[in-house]
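Grab a pencil and let's work through a protein together. Try each task yourself before you read its solution.

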Amino acid sequence: MEKIKSLADLKRIKENVQTKIDLREKSEQVENLVQIKVAMATCGIAAGSKETMNYFIENLEKNGIAAVVTQTGCMGYCYAEPTVEITKPGKDPIVFGHVTTERAEEIIQKYLKNDELVADIIPVNFDTIRDR
């Protein structure tokens, strides 16, 4: 437990607690928020996905973007790690590859704020198996 030495310390603790409460409330209405899933399997962690995830967590609120950031296992795109899947409300998910902190900032500014697509989108490369 950290010691409170000033009013600023108390305000910082209050903000941290409020952020945790907000996250719990957001998780109950996730379909109305941007959902960001960061691949955190061994290959992703080795490529820097922890830094990428932390960057999204720290910078989405600063940019006024209501989102839930979670981690997931391997997405099968080891060659493109760190990989991030982003789902905007009412839209199909998009998987981005090679998402460093610099690329995360570009995704925030261009895709999340202005709906502009950016490089390194991993295309869907499979069809579902149909009953014959």
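Below are four exercises, each with a worked solution.

Before you start, note that this is a predicted model, where local features need pLDDT of at least 70, side-chain atom pairs count only at pLDDT 80 or more, and totals for chains, interfaces and linings use all residues. Residues are numbered from 1 along each chain as its sequence is written, and side-chain values use heavy atoms, with hydrogens and water left out.

**Exercise 1. List the helices and strands of the protein in order from the N terminus.**

Step 1: Know what you're looking for. Helices (H or I, at least four residues) and strands (E, at least two) are DSSP runs, numbered from the N terminus.

Step 2: Count them. You should get four helices and five strands.

Step 3: Write down the order, which is α-β-α-α-β-β-β-α-β.

**Exercise 2. Work out how the strands are arranged in the sheet.**

Step 1: Recall how pairing works. Strands of a sheet pair through backbone hydrogen bonds, either parallel or antiparallel. Here, two strands pair if DSSP finds at least two bridges between them.

Step 2: Start with strand E1 (residues 34-39), which runs parallel to strand E2 (residues 67-72), with six bridges joining them. One pair to look for is isoleucine 36 opposite valine 69 in E2.

Step 3: Now check E1 against strand E3 (residues 84-87): these two are antiparallel, with four bridges. Isoleucine 36 turns up again, with isoleucine 86 as its bridge partner in E3, while valine 38 has valine 84 as its partner there.

Step 4: Put it together. The five strands make an open sheet in the order E2-E1-E3-E4-E5, with mixed pairing. At the edges sit E2 and strand E5 (121-122), each pairing on one side only.

**Exercise 3. Is glutamate 85 buried or exposed, and is leucine 7 buried or exposed?**

Step 1: Get the cut-offs straight. Buried means under 20% relative accessible area, exposed over 50%, and partly exposed in between (1.4 Å probe, protein chains only).

Step 2: Take glutamate 85, which is in strand E3. It counts as buried because its relative accessibility is 19%.

Step 3: See what's around glutamate 85. A contact means heavy atoms within 4.5 Å. Leaving aside neighbours within four places in sequence, its contacts include Gln35, Ile36, Lys37 and Met75.

Step 4: Move on to leucine 7, in helix H1 (residues 7-27). With a relative accessible area of 57%, leucine 7 is exposed.

Step 5: Zoom out to the whole protein: 34% of its 132 residues count as buried.

**Exercise 4. Why does the structure hold zero disulfides, even with cysteine 74 and cysteine 78 there?**

Step 1: Remember the chemistry. A disulfide is a covalent bond between the sulfur atoms of two cysteines. To count here, the pair of sulfur atoms must be within 2.5 Å.

Step 2: Try cysteine 74. Its closest cysteine sulfur is in cysteine 78, 4.0 Å away, so that's too far for a bond.

Step 3: Try cysteine 78. Its closest cysteine sulfur belongs to cysteine 43, and 3.4 Å is also too far for a bond.

Step 4: Check accessibility while you're there. Cysteine 74 is partly exposed at 45%, and cysteine 78 is partly exposed at 44%.
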